[in-house]
Structures are given as C-alpha cells and as structure tokens.
Amino acid sequence: MRIKDHIREEQNFLGRVIIAALLIMLALLGLSARLVQLQVIEHQHFTTLSKDNRIKLITLAPTRGLIFDRNGVLLAQNRPAYNLELVPEQVKDIDATLERLSHYITLDADDRERFNHLRRHKRRFDSIPIRVNLDIEETARFAVVRHQFPGVEIKAKLLRHYPFAEVTSHLLGYVGRISSRDIKTIDTSNYTGTNHIGKTGIEKSYEATLHGAIGVQQVEVNSSGRVVRILDETPPQPGQDLHLHLDIDLQQIALEALGDHNGAVVAIDPHSGGILALVSKPGYDPNLFVEGISRHAYMTLQTDRYRPLYNRALRGQYPPGSTIKPFIGLAGLEAGVIRYDTSYYCPGSFQLPGHEHKYRDWKKGGHGSMDIDAAITQSCDVYYYKLAFNLGIDTMSDYLGQFGFGRRSGVDMDGESRGILPSRDWKRRTRHQPWHPGETVIAGIGQGYFLTTPLQLAIATAAIANNGHLMTPHVVDYLQNRGNGKRHPILPRETSVPIASQANWDNVRRAMRHVVEGLRGTARRIRTKLYAIAGKTGTAQVFTVSQEDEYNEKNVAHKLRDHALFIGYAPADDPQIAVAVVVENGGHGGATAAPVARKLMDAWLLPRIYGPGSNHGNDDS
Amino acid sequence: MNLHPTDIGDLTPTDPTRQRGLLARFHLDLPLLLGLLALSSYGLLVLYSASGQDMGQVEHQLMRFGLAFTVMIGIAQVRQEQLMRWSPWLYLVGTLMLVLVLLIGDVGKGAQRWLDLDLIRFQPSEMVKLAVPMTLAWYLTDKPHPPTWQHLLLSALIMMVPVLLIARQPDLGTALLVASAGGFVLFLAGISWRLIFGLLGAAAVATPVLWHFMHDYQKQRILTFLDPEQDPLGAGYHIIQSKIAIGSGGIWGKGWLAGAQSQLDFLPERHTDFIFAVLAEELGLVGVTMLLALYLFVILRGLYIASRAQDTYGRLLGGTLTLVFFVYLSVNIGMVSGLLPVVGVPLPLISYGGTSLVTLMAGFGMLMSIHTHRKLLPR
C-alpha cells in the first residue's frame, strides 16, 4: 500500500473546496438572477396577475345522476330554471339592492327570509339565490337593467325535481344547498362549482356516485368580471344514474293503502333483498328543500305532531307484538324446548311460579290446548308466555339476533335505527339493572323492551320466506354510467340464520300460512284463491292497561290506540314478495294492517301470475 | 500532521478556557451557531405570517428547533474519532432498516417510508442521509490519494445500496439527495476530472432509461415542470401561483403579513415546501437577498471548517455536509421559483416541519465537533 501524501492531499482538497465554493456562488448568482427576473423585470406582469386575474378558472359543476325505478320511471330529474342570484362579497349595500330589485321582480317575505338564511350559512364568494324559477318576462325585465346591479346575475341552472314528491320523499330524500356544516364532510375541490348536496335518503347515501367529477374552464374576463371568451375546457364527468329495485306503482299503492292512518310499509324481494317499496306516512314535498325552504314552512313541518320528516320505515321503533311469534317459535323448536306436537294448555292467563301477577291472553276465556301451529295461527299469548319462560331470555335473544333484530341491517340508506333486542346483558349495560323473569314472559309476545323497525321486520320475514337466507336490504339495483351506458350492479349480500332443521322451517311456514288460510287464523279476512299468503298479525300496545282495567278501543284516545302490525310473504310456496306493515293506532293487525299487505301482494303478484292487465283485484273470497 | 503556522492562528489564545468560556466548553462554533440562530429566527418570523398568524404552529416549530439544537449540541460533544468509529455501524443499521421499511413499513401518501417502532415513527432514509457520507469518508480515510479504481468501485457500491433501497420506496427526491452526498465525498476525495465529466455524460445518457422506471406521479411532476400551463388547476397550479407570489412581491415586498397571494389561500403548501414564495412576496427581493446572504455565510463557514480539519475524515465529512446543505436550499428555491421540477424538499431552517430539521442540525453538530475537537498543536 502506498504511503499517503498528506501535503498533496490537503492541497488537492483545498482546491476542490475552492472550486465547490465558486460553483455555489455561481449557482446562488443564478438563483438571484431568476429572482431578479421574476421580481424586477416581470414584476409588473405578475402584479397584474395577482391583483386582478385576467385569466379566470371557472369550475363546471357536473350534472347530477338521475334516479329511476325498476321500470325506468324517472324519480329524480334535473330541470332547467332561471335563478336571480347575488354574490354578497360583490355588493356593498345588500338591503338597498334588494329594495331596488323589488321594483323589477317580485320578492315576497319568504324569498327575503330564505335569502337571509342562506347568507348566514354560505361559503365565501358563493352566489345566493334571491328568487328561483323566474319566468320569461321577469328575466327580460332584469336583463334591461342588469348594469345597475353589479354582483347580481341571472343564472341558468339545473334544479333537482322530484315528480312524485311526497310518494318518494322518505326513500329518495332530497338535495339542498351546501351548508357550512356539509363542507367538513366533502372534498371541497370537487364541489367548487356545485351548490347542492344530498341531505337525506338515497340522495345522501349515494352522494359520491350521483355527484360526479368537476370540470374546468379557462376563461378571459373583463374588468367587471364578466366572461369575454373561453380559452380552454375540461368537461365535467356527470354523476352516475341510479336504477332502483323500487316499483313506483307499488310505492303509490302502499301509500294509498294506509288510508287515513300514519305508518310504514316495507316490501322486499326475498331473493335479492331489493326494496320494492318503502313508505313512511306522512311524507312531505322534497321539492321545497331544493332551493332552500323558508323558515316558516320548515317550522310547520318540524312542529307537526305527526312528524312528517321522520322516516318511520327506517327509524321508527315499534314493539313487534305478536309478529315476533314465528321467530320465537323457530327458536323454541330448534333449541329443543318444544316439539311440533308439544301442547300447552291456555286458561286465559299465565302466572310465574310463586308470583301473583297474571299475564293475560288477548282472548279472555283462553284458547284451551295449543300446539305451536295453533299458537301461531290463533296468536295464543299464554303459549308464548310459557315458551319464552322455558327458553330463557338469552337463548331467545341469541336466535332473534340471527334474524337481524337489534342491529342495523346495512341498508344503503342513511340513519336507520338499531331497535332493541333485550337480553340480560343489554339491560345490565344500558340500564344497570338486573333482569326480571317477568320481562322474559312479555318479551315472548314482543312487548316490554322489545323494539323493531319496519325494515327489520321486513327482512326477517324475507329470511323466513327464503329458508334462512338473510339478505342485506338495498334500494339500488345498479349504477349506470350515462356516457357509455356501462352498468355496475350492486350485488346481493347474505348471511344465514343457523337453523339446521328443514322440518322446523316448514312447520313454522305452514303455521304462518294457516294464519291466513285457517278458519281461526287471525288474518283470515285477506285470504284469496288466487295465490297463497303466509303471514302473522300483531298488535303493539302504546300504553299499558292496569290489572283491573280492560282495554277498550272505543274509550281510548286515538293516539293511544294500539299499533296494528302485519308481516307476510306470498306466494307461500314460491315467495316473491315479503311485506311488513305498521299502521299507527290502527287497532288490530288482522283488521287494518293485513289488508294493506294484501293490496301490495295483489299489485305485485297478479300481473306476474296471470299476465299484465288481468283484473282479479276484486276477488275477496 | 503537517500544518502551516497560519492555519492554527485562531487556536493559540493565551488561555483558551477563560477567553472562550462557555462556547469552548460545549464545543460550539460561534460563527456557525450565530448563522443558524439567525436563520431559524428569520424562519419563525416568516412562518408566523405563512401559517396565517397561528401562534400554535410557531410554538410547535419553536419546540422542534429546541430539539434539533439539542441534538446538534449533543453531537458536538462527541469526538471526531468516535464519530468515525460509529460510521460503518450507523450505515449497517440504516441500510437494514431500509430493508425493513420495504418489508413491513407504514405506507404514507402512497410511499413506504416510515418504520413504526412502537414509541416513535422513524424514517430510516433520514439516518442514511448522514450515514452514507460518514461511511464513505471513513472508508476513504486510509486509502491512497487520489483513490484507485477498486476503491472507487467499492465506494460506489456503498453508496448505491441505500440509494436504490430508497428509490424503491419510492422516494426519488431523497434517493437523489443521498446519491449527491456520495458524489460530493468522491469529488472532495479528489477523483479525476475526466471521471467526473464521464459520469455526468453517462447520467445524461441514462436519463431516458430512468424515465422508463419512474412512477406516474414522478413523470407527471417533471412534465408539469416543463409546461405548468398544461394543467393549471392540478399540479401546475403550485408553480403558477408561487411564481405569481414571488413576482408580485417586487423589490421591497408587499410587507410582512400583507401578501395577497399568501394570505388569501392562493398559495398551496405555503408554510411547508412553498414558504419561500411567502417570504419573497411579503419581504421582496431585499428579504430574499438577506436570506441568501445568511445561507452563504453558513456555507462558507462550513467549507472553512472542512478545509481546516486535521485529517481526511473530517475534511470529507465536513465538506460534504456543507455541500448537501447547499443542495437542499438551492433545490427548494429552484423548485419554488420554477427552475426545477416540484420535489418534496423543504427550505432548510425555514419550512415548517421537523423530520429533516433534526438530520440537518445533527450534521451541523458534526461540523462543530470536527472543528472544536482539533488537537492543539505546538507552533
């Protein structure tokens, strides 16, 4: 190895350092030259760009996807409209401007109030509508005096419109102006040209799909900010269209079938979990919300005692009453607590061993000797008090949980409720109290803490119809790209209810068929020769009758009257539709809720069995 | 050792401990320390404006400076011989961790750069930024001068292993920075000019090949750099807006806290990678010149320290760390002013952020150690 020449190395290093230092200075000189170029030579140019951007980038909002029902009927569309809009940042005295504007265009109190409301919740440099849907005459009048109103413009827009208004209100939801609260949940860069966003229902849960992607336009503007010419354009990507499982005719029939009552109806295709109809009554007109609802109108909806904004089908929590009996029956059979031929005697009431309290049957004199088939057909309460007591709350709760009770179904809509599936553990967690045996007894007839949503009842019914395949319910069948027509299906998802014995399924299904077809069946009045229906009625208590008093429908105020429930599916041997009906304060399930379900089944099945246009609707044997 | 008498002029006071006091005891170099303090104070001033007058961010950054300066002072206490002994081990550990990152690292912003060590999240590429020049300097310290072919080849190998690992993450910017650090060591070690120009030529030829292996976002950055108006709302937006900010600042600037571009949200990443544009808009060419002067002062002091080092290791390491510092700032300013493509390199000591700050100050700690642990030689 050579001996290092330290002097030479040091001198070489010094040389390299000096060269590096010179190069660094040269590079810094180059950077400085660049900065002089930007800051001194081109300073004027950049000042112009900064102060008053001559070239403006205008964002182009994508057109929102349309929504169709299963037969291609348009449920949500975009309609052209002329709006008079104002950008508050560009107007000095807003009140005076509005006053002057009112000489040319009618502005009523609602318009002014809505304008002031939107102003408080807007984004920076957002233009706020003063009037929506100007007619041609008003448009012309304003065009003449436009130069007197800087910052005020007529804008041609596509406004969301829901042709079926109230009929689809709870299902579709509505779009509204983007509020300061919405901004936190969205990618604002994709919404710079958009003023509306889905607020509830399908419009909200499919917001990302419906909205599409923003486009950009490079334009030259004059000093007052108006566009002179278009330099370059990237077109926006329209949102995808939604095609629903929903049948709008069925939806309308369901709403009408409820008559004067409030309530909810959910109809499901048991094979796919597709929602065929979802009604919550009363509804509201979603079109009111699109361009901002006036405070007065909103307060009216908010304070209405029937709560029209409340989606009963998804969020309403009702005691299932006797509609829970087929499910508990299955649990009893599968757990081996009863057999198909096990008989209990029903004397009209039930007492826990060592307790005074009498749990009464709805039939005063009792039903006599009952097996499971008769107990479901005649809805015997005492049989179920005993069955529940023998099963125990936890086993019962485990089986019912498998049918989707007590948890969100995962439906593609926003805000569904969980309901309550009571158990020892549930009560300890939420109420910090021990479980009482009496609570098990009343849980056996779907009362007490038990709460379900109409949607939960519908999917659980579909699972019985479907031999234990619990389908995740969904409203949207497929998405469609408007440009190339490509479809993107929403695939059904399912879980299985772990009830192994086919005989148990068959027996309970037969009992449900006897509910409609049996001589003593509680829903015998909806029986038809045209196809077989399986179902179960239910009556949910709104308030508790004391031990001495008797419940008498006529003596009780309407709002405290029992809710009427019915679940069912048809045809019984080849189920194509499963329905859950809740009629608020409707009294007995067999009397008011079951006929609603029958109307839906007729509308859905008769054209399918006997061909379209067949008129068997009046058959009522 | 063979030193010229003038070389040790500043090391022959009558009683060093009394006259230099605290600084000497803590092995700190006063000019370098003052330069760094001036730069970081300047940075905090600009950050206050760039963050939209958010005192919280300024305090946060102040804490990072505290940590980074502590690291610097800590390393300044370590003797140079000790640093040299650590070098290969640091390199080994760093490279192993780069392999680990590729195997089990966390993915952040589309690249695998982080290693989660339960207590801290750690970016091994930062460690390698220091380990590569340290190890090359260690390796070349007892080799003949200028280095022979075999030594150069092995040096290149030492350098390329971590560079390729980082490029795989993928983090092309950091890979190039580490490669340039290796290159500087070789340059300072005295490889022949013919080789230097040959390598530069080869790099020019290799560019199209490299292009082929690049990720789409990397290609996009370079395309955007070549023609920012192509995509004015997307990636080109950064460059257009920062040029407007710098240019509209003019000679005197629009005044601190008064930059329209910066304060009205036009400028993206304005408190991190694009903070230079805020400075240029609000403080003008004058403020920019002040910044460049401060940087130049720190660089010249660094080169001076390197040239006064007593052995090969100190010289190579000191010189390289200084040159890398320069690359940082020139790449950032070049990028913000539209001379270079957009790569994620912060403006040293000014940008908000802490990861690279600690590495940077550790490097300055080494420079101080090289300078203050020299043996006092008799005249």
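Which residue just after α14(A) takes a positive phi? Keep that question in mind while moving through this predicted model; the tour comes back to α14(A) after a look at the sheet.

**The five-stranded sheet**

Start by selecting the strands of chain A that form an open sheet of five, in the order β12-β11-β23-β22-β21, with antiparallel pairing throughout. At the edges you will find β12 (275-281) and β21 (534-540) of chain A, each of which pairs on one side only. If you look along the sheet, neighbouring strands are turned by 5° against each other on average, with direction ignored. Next, add helix α21 (residues 502-517) of chain A, which packs on the sheet and touches β21 and β22 of chain A, its direction making about 70° with that of β21(A).

**Strand β23 and its partners**

Now restrict the selection to residues 577-583 of chain A, which are strand β23, and to residues 563-570, which are strand β22; the two pair in the antiparallel sense over seven bridges. A hairpin of six residues joins β22(A) to β23(A), and the bridge partner of A:A570 is A:I577 in β23(A). Then add strand β11 (residues 263-268) of chain A, which runs antiparallel to β23(A) and is joined to it by six bridges; here A:I268 has A:A578 as its bridge partner.

Is β23(A) enclosed or open to the outside? Seven of the seven residues of β23(A) are buried, so the strand is largely enclosed by the rest of the structure. To see this face by face, select A:I577, A:V579, A:V581 and A:V583 for one side and A:A578, A:A580 and A:V582 for the other, since both faces are covered and all of these residues are buried.

**Loops that border the strands**

Stay with the backbone and go to the loop between β22 and β23 of chain A, where A:P571 lies. The peptide bond that leads from A:A570 to A:P571 is cis, with omega near -15°. A cis peptide bond also joins A:K281 and A:P282, with omega about 0°, and A:P282 has its place in the loop between β12 and α11 (287-290) of chain A.

After β23, in the loop that leads to α22 (589-610) of chain A, select A:N585. Its phi is near 55°, a positive value in a residue other than glycine, and A:N585 is buried, with a relative accessible area of 9%. For context, most residues other than glycine have a negative phi, and most peptide bonds are trans.

**Helix α14**

Move to helix α14 (residues 325-335) of chain A, where nine of the 11 residues are buried, so that the helix is largely enclosed by the rest of the structure. Among the buried residues of α14(A) are A:F327, A:I328, A:L330 and A:L333. The opening question is settled just after α14(A), where A:G336 takes a positive phi of about 80°.

**Aromatic rings**

Keep A:F327 displayed and add A:F403, A:F405, A:F450 and A:W505, as ring pairs link these residues into a cluster. Over all chains the structure holds 24 aromatic pairs. One to select is A:F350 with A:Y359, a tilted pair at 6.4 Å centre to centre with 45° between the planes; A:F350 is buried at a relative accessible area of 7%, and A:Y359 also counts as buried, at 13%.

Another tilted pair is A:W426 with A:Y449, at 5.2 Å centre to centre and 55° between the planes. This pair links distant parts of the chain, 23 residues apart, with A:W426 in helix α18 (residues 424-431) and A:Y449 in the loop between α19 (437-443) and α20 (454-465) of chain A. A:W426 counts as buried at 11% relative accessibility, whereas A:Y449 counts as partly exposed at 21%.

For a charge over a ring, select A:R608, whose charged end sits over the ring of A:W604, 3.5 Å from its centre.

**Across to chain B**

Finally, display both chains: 37 residues of chain A are in contact with 55 residues of chain B. The area buried between chain A and chain B is about 4100 Å², of which carbon and sulfur atoms give 70%. Select A:F13, A:R16 and A:Q39, which supply 19% of the area that chain A buries against chain B, more than any other three residues. The charged end of A:R16 sits over the ring of B:W193, 4.7 Å from its centre.

Terms used: Residues numbered from 1 in each chain as written. Chains lettered and ligands numbered in written order. Predicted model: local features only at pLDDT ≥ 70, side-chain atom pairs only at ≥ 80, totals over all residues. Heavy atoms only, no water. Pairing = 2+ DSSP bridges. Helix = DSSP H or I, 4+ residues; strand = E, 2+ residues; numbered from the N terminus. Axes fitted to C-alpha atoms, helices over the stretch in contact; angles between N-to-C directions. Contact = heavy atoms within 4.5 Å. Phe/Tyr/Trp six-rings, centres within 6.5 Å; stacked < 30°, edge-to-face > 60°. Buried < 20%, exposed > 50% of the residue type's maximum accessible area, 1.4 Å probe, protein only. Lys NZ or Arg CZ within 6 Å of the ring centre and 35° of its normal. Buried area = accessible area lost by both parts, 1.4 Å probe.
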